[in-house]
Amino acid sequence: MVNVTYGILTPNADGTYSFDKLGTDIVATTKDGETAIYSAGDIAWVLTCTVLIIFMIPGLGYLYSGLARRKNALQLLFLSMASLAVVSFQWFFIGFSLVFSETGGSFFGDGRHVGMRGVLEEPTPESGGRLPRIVLATYQLMFACLVPAVLLGAAAERSRTLPALLFIFCWTTLVYDFLAHWIWSSNGWAAKWGVLDYAGGVPVEIASGVGGLAYSYFIGKRRGYGTERVLFKPSNVSSVTLGTVLLWFGWMGFNGGSCYAANLKAAMSIFCTNLAGSVGAITWMIMDFRLEHKWSMVGFCTGAIAGLVAITPAAGFVGAPAAALIGLVSAVVSNLATRLKSTMRVDDPMDIFAVHALAGVVGCLMTGIFAQSSVAANDGFTEIPGGWLNGHWIQLGKQVAWVAVGAGWTFVVTIAIMFVINLIPGCKFRASEEAQIIGMDEADHDEYIADYAFFRRDLEEPDMRMWRTFTPQFNQTPAPYRRSMSQEDVERGRGLSPHPRHDRSRSRTRTGDIEPMEPINEAHGEGQVRFQQEKLEGTPTSSTATSLDKPIDEKDVADRH
């Protein structure tokens, strides 16, 4: 039974306490007979930050889906949301106990809190005794949910969904939980050693970036990599912008709540977070303008994320000038590092390694230089020796060691996890060639990010257009570029049968189905066939391309691709 009351507990001069029921503080008596007092304001602030972080998860999905080709966009949004569900169960089952068990060792926790046993009113040393354990568990759950969602941007366009779901559970248990215990648990070796990592430079940013790199290496390059086929622009810049807005919004809670109280340190963390993101956005945009002479919205968003990533380990330890410098340096480094993909021979379509891993490295190392004991003490109880600004020269060496250990552990264990899962029947990570051609949305979900996939609809009765669809030219189309058509479909003149979940009163033809074609001739036959192939792979069509009266312009197809 939990012994909790609400009021104000005031100390008296003689060492006793007076209790007033009119207050809002939470007074809990633990199993050991000790009394813990929690501020309702601190709890409300941390729970509010928890909700803010939730917005980051669909934000990642929108960001990744907008950057990918639209035939693969829904899968990336799905994996982001699936991460929230899978990790929520994992955190309840074993994750929280592995990270924050107070009886755990220096390298990993134990099973004391499996199934959230004993997780309610007791104070947590990680918060300086200011939060009950259930609040800390809820807040840190959102961190755990976010990290694999970031990593799985590496799955874009060629990874199957089922093994990715198994990977989320295993990776969170064996990689994230270990890293988080090392730095955030009061028993972790990195925390005891004096490493400074405020909100997850290694457990969140470097782990997701290096894990994404390992994921990309393991599943290999996309079909057509190295050719113009994958040199496409983002399919939906609006989704990229929306995703960035949600991430930026949630990052305020990500860093603002990591001091576990509503105080000056939280305010300074939020200010520095926004400043670093803003400087990063401007820096990246200017660097892109230098080359393209265009103001890129995608570049703005990418730079903002790089700055937000870099300030994550430093937000609670550095002042505003250092935050601005961190945002600038991280954007420059990440922008230049996007060109490393060809040198590293890896297909990283979302630049996760450059934007998350390397920006995280910049943030961790610059924390060792610019951390100040005075800034850390803004919460009233944190004491650190600081970094180079305080004359604590060894701090940078500790930061370097922490980055190296975290990156090495993440890469090796990620490859090992994928190797084992890949051996399970039916759990091969890499999608088939056919799935990559038609898109992972249709192959794994049979759903689409938008209604673009149905380019013929609302034909209630056979008409001239449908009659022309079933002309003999259909049989002249090369077999790889057409789909089968039943005799019943032909007789009805209504096109391919719609999916059972769709309204059967409407005739719809899905992406990849054959559009009416002009007779193939030497003048533009090749262009027609190439157009059919591009449609099968989910490339957007235009009114010009689908016209029954105009031949297909190959240059127009290439431009749209």
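Q: In this predicted model, what share of the contacts with a separation of 6 or more joins residues 24 or more positions apart?
A: Let's take contacts in the protein chain whose partners have a separation of 6 or more. Among these, we ask for the part made by residues 24 or more positions apart, and that share is 72%.

Q: How many helices and strands does the protein chain have?
A: Let's count the two kinds of element in turn. The protein chain has 3 strands. Its helices number 22, giving the full answer: 22 helices and 3 strands.

Q: What percentage of the residues count as buried?
A: The protein chain has 561 residues. A residue is called buried when its relative accessible area is under 20%. By that cut-off, the buried part of the chain is 55%.

Q: Which helix gives the largest share of the largest nonpolar core?
A: This core has 121 residues, and those with the most contacts inside it are F167, Y176 and Y215. One helix, covering residues 133–151, supplies 14 residues of the core. That helix is α4.

Q: Which tryptophans does Y176 contact, leaving aside neighbours within four places in sequence?
A: The partners of Y176 include Q140, F143, A144, V147, P203 and V204. The tryptophans on the list are W91, W171 and W184.

Q: Where is the pLDDT below 50?
A: The mean pLDDT of the chain is 84, and 80% of its residues reach 70 or more. One stretch below 50 has 172 contacts beyond near neighbours in sequence, and it covers residues 455–552. Another has 20 such contacts, and it covers residues 554–561.

Methods
Residues are numbered from 1 along each chain as its sequence is written. This is a predicted model: local features need pLDDT of at least 70, side-chain atom pairs count only at pLDDT 80 or more; totals for chains, interfaces and linings use all residues. Side-chain values use heavy atoms; hydrogens and water are left out. Helices (H or I, at least four residues) and strands (E, at least two) are DSSP runs, numbered from the N terminus. Buried means under 20% relative accessible area, exposed over 50%, partly exposed in between (1.4 Å probe, protein chains only). Contact means heavy atoms within 4.5 Å. pLDDT is the predictor's confidence in each residue, from 0 to 100. A nonpolar core is a set of buried Ala, Val, Leu, Ile, Met, Phe, Trp, Tyr and Cys residues joined through side-chain atoms within 4.5 Å.
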